[in-house]
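The report below deals with empty spaces, a helix crossing, an aromatic pair and some backbone details. Please read it alongside the sequence and the model.

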Amino acid sequence: ATSSAGMRQCFAVLVFVALLACSQGFYLPGVAPRAFKDFEPVNMKVQTLVSTETPLQFDYYQLPFCEPSNIQDLPENLGEALAGEKAHTSAFQARMKEDEYCKTLCRKKFTPQQMEEFQDFAILEYRVNMRLDNLPIAEMTTIAWDNEATKTEQFYNLGYPLGSKLQPEAGQPAESDLYVLNNHLRFRIKYHPASSGDLSFSDDEVSEKSSYIVGFEVIPFSIKHTYYGKFNESAIPYPKLSTCTQPPDGRFEKHQPQVIDPTEGGEVIFTYDVEWVESDVKWASRWDVYLQLTDDRIHWFSIVNSLVILVFLTGIVGLIMTRILRKDFARYNEAAMSAEEREEIARDMREETGWKLVYGDVFRPPPFPRVLAVYAGTGMQLFVMSFFTLLFATLGFLSPANRGALLSSVLLFFVLMGAPAGYSAARLSKLMREENHYKTTMMTATLFPGACFVMFFLVNLVAWFQQSSTAVPFGTLVVLCLLWFGVSLPLVFFGAYMGYKKDTIEVPCKTSPIPRQIPPQPWYLGMALALPVR
């Protein structure tokens, strides 16, 4: 019998090893790499206008930019809808590994009101967000160190400025009220050859003439374009411009900046370049520059040193507390004591001071026991939600390439963790002898989510009046209510039902029938003075 059991274990190990040998890695939905073939069209998407000067963000097409013949709103998840990260198709066109210069997007004639709107956005330093293959567009910025002028550092600044203040030339007076519009964009798209073997795919999925997009940079320019004779609309995207040399070089001729004139309006020609640059950055590391992961060294010495100190100090504190409190816990456990031992403890208690005098009031119910139970249940719900969110983020399920996944997962885990909230609130409510179980459970399910929903609704109302893209549509609010009342609330009641079925929690010491009198506090320790200090 022993030999047959050993044979079965060996066979199970062999089967497990064989399955490991046949297994393949996989990519999560929405974050799988996509290889583009040479000269294959790539779609640039436009998103929002954001600013550090104001919390309001706006949709790209709320300003009169160039539009394609058919604007399509790309599908979005719940997280993107709540964050206002809407994406649309654009009129920008590019092909894989095909450099193009001085392409005309469109020619627009703006009224004074439209020019004034552009100027307002430029004054507030709004930046335009775009994305390509789930990569956000970024402007490369170089800064120099204060102590070392020769030492510079480059970092990504998301988006590009819609406009900026006109910088006067040397020897000329400053024009404080003039702003320019960045109407020419030079896209610099970095790619990594798929034939390098960095990712494991079969030959039929990726050909040798395919590449991965690993970078999406932009350099904005302000150019007041001029042209010969009459502007030929039918020649777009390559009309003859006197300020921009046609392909293949795309050099700029001497030009003036495109000044925003809010008094008379004017004509603006939007143009762009597309440059493809081969990069050594692998597809798996293309987000490092956005997250500024420049130092990939792991400081093992510091980590081990911190862990050793933490374990050592924890052990010392635990040893001291065990030696001090072990005898006290044994003394206060009155259930296992005889009458003589209780009388002896009563005599000893007359000489005790400090926290030992209030041990009989520790488990006394507070003035509002239901509110304490509700807060404890909500805290358990938030704690479990945070734990699972961090766990899934650590496992790679919440990649930054999958937009809106973090916010969606937070909402989903909060809704699904209604059962632990109801269970914790019920156990604590039963300990404090709270009789109205239904009211406690209903408050656990509605108090914290209701307060958050009311604040969110008021903020959303302000965003709606300001016509901001962060305003959540009515359909999304209905979905949130369905998740709240259709999923979270029943789970809270289910957890409360399981909690009330359990026996009451046994406390280690008996609560005294008469509360101990609390001496009056000095005036400088009162609530009115203590709250501002905290």
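In what follows, Ala, Val, Leu, Ile, Met, Phe, Trp, Tyr, Cys and Pro count as nonpolar, Asp, Glu, Lys and Arg count as charged, and the others, Gly among them, count as polar. The model is a predicted one, in which local features need pLDDT of at least 70 and side-chain atom pairs count only at pLDDT 80 or more, while totals for chains, interfaces and linings use all residues. Residues are numbered from 1 along each chain as its sequence is written, and side-chain values use heavy atoms, with hydrogens and water left out.

Empty space is described on a 1 Å grid over the protein atoms alone: a cavity is a set of points where a 1.4 Å probe fits but cannot get out, a pocket is an open set with protein on both sides within 12 Å along at least five of seven lines, and lining residues have an atom within 4 Å of a point. Grid points are joined across faces, edges and corners, and a volume is the space filled by probe spheres set on the points. The count comes to one cavity of 30 Å³ or more.

| Space | Volume | Lining by class |
|---|---|---|
| Largest cavity | about 90 Å³ | eight nonpolar, four polar, no charged residues |
| Second largest pocket | about 480 Å³ | 16 nonpolar, one polar, no charged residues |

The lining of the largest cavity includes Tyr60, Phe92, Tyr160, His184 and Phe270, and strands S13 (184-193) and S15 each supply at least two of its residues; helices and strands here are DSSP runs (H or I of at least four residues, E of at least two), numbered from the N terminus. The second largest pocket is lined by 17 residues, of which Leu411, Phe414, Pro449, Cys452 and Leu480 lie nearest its centre. Two or more lining residues come from each of helices H7 (369-394), H8 (405-416), H10 (437-465) and H11.

Helix H11 (residues 474-501) also meets helix H9 (residues 418-431), their axes (lines fitted to C-alpha atoms over the stretch in contact, with angles from 0 to 180 degrees between N-to-C directions) coming within 6 Å and crossing at roughly 40°. Among the residues that make this contact (heavy atoms within 4.5 Å) are Gly422 and Ala426 of H9 and Leu491 and Gly495 of H11. By class, the contact residues divide into eight nonpolar, six polar and three charged.

Phenylalanine 92 and tyrosine 272 form an edge-to-face aromatic pair, with 5.1 Å centre to centre and 80° between the planes; rings of Phe, Tyr and Trp (its six-membered ring) pair if their centres lie within 6.5 Å, and planes under 30 degrees apart count as stacked, over 60 as edge-to-face and the rest as tilted. Phenylalanine 92 lies in strand S4 (residues 88-95) and tyrosine 272 in strand S15 (residues 266-278), so the pair ties together parts that are 180 residues apart in sequence.

In the backbone, a cis peptide bond with omega of about 20° joins isoleucine 236 and proline 237, and proline 237 lies in the loop between strand S14 (210-221) and S15.
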